[in-house]
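Trainee: I would like to go through the empty spaces in this model and the ligand. For each term, tell me what the label rests on.

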Amino acid sequence: MQLAKNDILARLVETDPARLEELWLAADSLRRQYLGDAIHLRGLVEISNICVRSCAYCGLRTGRSDLKRYRMTLPEILEAARRIASHSFGTIVLQSGEDQGITQSWLAQVIARIKTETGLAITLSLGERSHSDLEGWRIAGADRYLLRFETSDRTLFGCIHPPRPGQTSDRFKTLEWLGQMGYEVGTGIMVGIPGQTYTSLADDIGLFRDLDVDMVGIGPFLPHPATPLGSAHHPSGPDQVPNSETMTLKVLALTRLNCPTINIPSTTALATISDVSREHGLKAGANVIMPNFTPRQYRLLYDIYPSKTDVDENDELFPDVIKARIHSMGRTVGQGPGRRPRHRS
Ligand code: SAH
């Protein structure tokens, strides 16, 4: 079913609790129909907080001199990969700031070692990299790449994500390359960016389908005080999308209705809103969780937004806690890499 833009818009502004309940149920039943009850677990490792960009929303932005920077070593990354595999997860996600010190050859070696030693599916989320870097990593064995377009409003994107001097930033072009290279492609947005309108949000949801991506991550915008958007006054006009749990769930559920077979995580950003938000996401169309396996000494330094660190997730037992929660919801823990169905061989 393809939702018309007007239909999407009407549901984005819906406030009636009964109608919203219908929306969550419709998304949940479509998820069950196409993907079953399995929730896939991906182990997230934040391998570097070094970044050349100055995004107005992100706490890793360059020029933030109060933040100690780190890049994990090969042995540290392999150790995290082994822990992820030991919990029977099928996928590792390597995420970082846009760190040019992550060279093609070094990361190719990391990818090859993870593959031979653990067999995990590998997802990369390293920002905008060159065609040749992306191609090299695909050849080395990377399976997926996540690059959110953040908002389809080009003017807003230009304001919050300034291009690097002398370069243009075209995330849509990069997403196209990734598909051509045979990656499973993930994208996504933040909900409630200052200046984000309902119309542009409806366009974002339509684009997920038009781009035919395999994964979509949706999280609320969380203001970070050390960034321009975190310290500015949050606009509150009638067109401004709020960065609330309910609004995030609406976008998630509508994305599921529009793209029945894709993977949709219940994101960590959503989980920071309340103790039950992650579960609400899983009941409104999501089928993936990405528990954090970044080593303890780096966790607080990967400071993209405040209170990102769920204390539980530093605990060795956290994967078991997550699995118990999945079972208590009547869902099952996904086995294997958890590809989007059309990619299964
Ligand atoms: N450097 C990589 C990874 C960035 S972190 C990249 O640019 O793709 C992954 C995601 O975190 C970003 O795509 C963004 O959507 C989200 N994020 C960053 N800052 C945030 C904030 N203040 N609030 C909510 N989400 C944020």
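Mentor: Start with the lining of the second largest cavity: seven of its residues are nonpolar, three polar and four charged. The model is a predicted one.

Trainee: What makes Arg42 and Arg144 part of the lining of the second largest cavity?

Mentor: A lining residue has an atom within 4 Å of a grid point of the space. For the second largest cavity 14 residues are lining residues, and Arg42, Thr123, Arg144, Leu146 and Met215 are those nearest its centre. Its volume is about 130 Å³.

Trainee: Which elements each supply at least two residues of that lining?

Mentor: Strand E4 (144-146) and E5 do. The most comes from E5, which gives three residues to the lining of the second largest cavity.

Trainee: How many cavities of 30 Å³ or more does a search of the whole structure find?

Mentor: Two cavities reach that volume. The largest cavity holds about 870 Å³ of space. Its lining has 41 residues, with Gln95, Arg148, Glu150, Tyr302 and Ile304 closest to the centre. Strand E1 (38-48), strand E2 (91-96), strand E5 (184-191), strand E6 (215-220) and helix H11 (268-271) are the elements that give two or more residues to this lining. E6 has the largest share, four residues. By class, the lining of the largest cavity divides into 20 nonpolar, 13 polar and eight charged residues.

Trainee: Where is the ligand with respect to the largest cavity?

Mentor: The largest cavity is the space taken by the ligand. A molecule sits in a cavity if more than half of its atoms lie within 2 Å of the grid points. The cavity is found over the protein atoms alone, so the ligand does not count as filling it.

Trainee: What makes Tyr57 and Leu222 residues of the ligand's surroundings?

Mentor: The test is a heavy atom within 4 Å of the molecule. For the ligand, 17 residues surround it, and Tyr57, Ser96, Arg148, Glu150 and Leu222 are the closest. This shell divides into 10 nonpolar, four polar and three charged residues.

Trainee: Why is the approach of Arg148 to the ligand called a polar contact?

Mentor: The cut-off is 3.5 Å between N or O atoms. An N or O atom in the side chain of Arg148 is 2.8 Å from an oxygen atom of the ligand, so the pair qualifies. Arg171 qualifies as well, because one of its polar side-chain atoms lies 3.0 Å from a ligand oxygen. With Tyr57 the partner is a polar backbone atom, 2.9 Å from a nitrogen atom of the ligand. Of the 550 Å² of accessible area that the ligand has on its own, the protein covers 92%.

Trainee: Why is the space around Glu128 and Arg129 called a pocket rather than a cavity?

Mentor: In a cavity the probe fits but cannot get out, whereas a pocket is an open set, and therefore the two labels are kept apart. The largest pocket has a volume of about 260 Å³. Its lining has 16 residues, and Glu128, Arg129, Ser130, Gln167 and Thr168 are closest to the centre. Helix H5 (131-140) and helix H7 (171-180) each supply at least two of the lining residues, and H7 has the largest share with three. One residue of the pocket lining is nonpolar, seven are polar and eight are charged.

Notes:
Residues are numbered from 1 along each chain as its sequence is written. This is a predicted model: local features need pLDDT of at least 70, side-chain atom pairs count only at pLDDT 80 or more; totals for chains, interfaces and linings use all residues. Side-chain values use heavy atoms; hydrogens and water are left out. A polar contact is a pair of N or O atoms within 3.5 Å; within protein, one must be able to donate a hydrogen and the other to accept it, and residues adjacent in sequence count only if both atoms are side-chain atoms. Accessible areas come from the Shrake-Rupley method with a 1.4 Å probe; for residues, only the protein chains shown count as cover. On a 1 Å grid over the protein atoms alone, a cavity is a set of points where a 1.4 Å probe fits but cannot get out, and a pocket is an open set with protein on both sides within 12 Å along at least five of seven lines; lining residues have an atom within 4 Å of a point. Ala, Val, Leu, Ile, Met, Phe, Trp, Tyr, Cys and Pro count as nonpolar, Asp, Glu, Lys and Arg as charged, and the others, Gly among them, as polar. Grid points are joined across faces, edges and corners, and a volume is the space filled by probe spheres set on the points.
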